[in-house]
Amino acid sequence: MAFGHRYTGLIERYRDRLPVHDDTRIISLGEGNTPLIRLNNIPRQLDHEVELYVKFEGLNPTGSFKDRGMTMAVTKALEEGSRAIICASTGNTSAAAAAYAARAGITAFVVIPDGKIAMGKLAQAMMHGSVVIQIEGNFDDGMRLVKQVAAEAPVTLVNSVNPYRLQGQKTAAFEIVEELGRAPDYHCLPVGNAGNITAHWIGYCELSAVSGDHVTEACTFCKGHCRFAGGGVAGQRPKMVGYQASGSAPFLRGAMVDQPDTVATAIRIGHPQSWDVAWKVQKESGGWFDECTDEEILVAQKLLAEQEGVFCEPASAASVAGALRDIRNGRIPEGSSVVCTLTGHGLKDPDTAIAQASRTPIKVAAEIGAVTRAILDNMD
Ligand SMILES: *Cc1c(COP(=O)(O)O)cnc(C)c1O
């Protein structure tokens, strides 16, 4: 046992690789340091031998990876004297913005699509005291509006177009390389705005960089916001694989989608903000984009919950749905190590979970005979 070591969040942990100063007041809720869980039961059913991990980002303080970016964005907003932040959101960004703003003692304005937001996320934004503005439009409409507002009003935009967001989110790649001792061969993520796949690539590039390599590649993304310290696991980087929901798959269509639709509301985005840079990530890493149907996404979500004990939200399951398909069809070859990011917690969206659960509650009388019968009838 080691006593007196309190984990105080990813900025403290990776201070030398993040754009903070010695006297920066850090706004943290202890985000990061999420478990990298090796899947056991699902891979056993595949014909192909792979080392398959999920990085469970749903275990961040507000239940999604957005906390990694928000600790940086709010810390920097405060340092720059801002008293208010604003974001458009499909739900998780607003939950994180609301929580970190509460922690910092500033105001959060969150613009969300009317309906089409999971109940848990709305509860978070409301409970943390943010100003929730529901628009009669989708995420892409909201994004257009908050960009205009932030250009004129004294509020800091904390969507992933804020470069500090990606700086915080890159630390997930650091944690993975630390735990595995190397980068995985493949890293699979669900893609909405494509900020997170870009952030991971920045992280892997920084760790793999051998002197000048970083300047030519990763710095085209981070524009010098990182303070690259050198060293790391030289040379090796994963192929980055991004999965989109079929009804919301601009990277597959090769063009923006005006009416995106999917059960995976977190990635219901037709106009990705990191469009150009994500194509660069795909090319540089040698990875690819692919799509999953809503049905495949829900099957994977249920598989993870029922067979591995991991409850993620629908959007997150796109990474596993896609990876399993690409393992089966050999695009991800046998013997590979694969990390799938589970971006958010299943509790975010209880309605979708309850609607598709395999077993519904059994109603019986409150007496021993009835309960015993219910148990015996349902023994495997
Ligand atoms: C934000 C989010 C995504 C998409 O991440 P991008 O950086 O927009 O590509 C995926 N899943 C969940 C749960 C999210 O909250």
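A polar contact is taken here as a pair of N or O atoms within 3.5 Å. The structure is a predicted model, and its ligand site is described before one of its sheets.

The ligand sits in the largest cavity. Around the ligand there are 16 residues, of which Lys66, Asn92, Asn193, Asn196 and Thr343 come nearest. Sorted by class, this shell comprises seven nonpolar residues, seven polar residues and two charged residues.

Oxygen atoms of the ligand take part in several polar contacts. An N or O atom in the side chain of Lys66 is 2.6 Å from a ligand oxygen atom; this pair counts as a polar contact because the distance falls within 3.5 Å. Backbone atoms contribute as well: a backbone N or O atom of Asn193 lies 2.8 Å from an oxygen atom of the ligand, and a polar backbone atom of Gly195 is 3.2 Å from a ligand oxygen atom. On its own, the ligand has 380 Å² of accessible area, and the protein covers 97% of this area.

The sheet described here is open and has four strands, in the order E5-E4-E3-E6 and with parallel pairing. Its edges are formed by strand E5, residues 131-135, and strand E6, residues 156-157, each of which pairs on one side only. The partner of E6 is strand E3, which spans residues 84-88. The pairing of E3 with E6 is parallel and extends over two bridges. In this part of the sheet, Ile86 stands opposite Leu157 of E6.

Methods. Residues numbered from 1 in each chain as written. Predicted model: local features only at pLDDT ≥ 70, side-chain atom pairs only at ≥ 80, totals over all residues. Heavy atoms only, no water. Near = heavy atom within 4 Å. Polar contact = N/O pair within 3.5 Å; in protein donor to acceptor, adjacent residues only side chain to side chain. Areas by Shrake-Rupley, 256 points an atom, 1.4 Å probe, with all protein chains shown as cover. 1 Å grid on protein atoms, 1.4 Å probe; cavity = no way out; pocket = protein on both sides within 12 Å on 5 of 7 lines; lining within 4 Å. Sits in = over half its atoms within 2 Å of the grid points. Nonpolar A, V, L, I, M, F, W, Y, C, P; charged D, E, K, R; others polar. Pairing = 2+ DSSP bridges.
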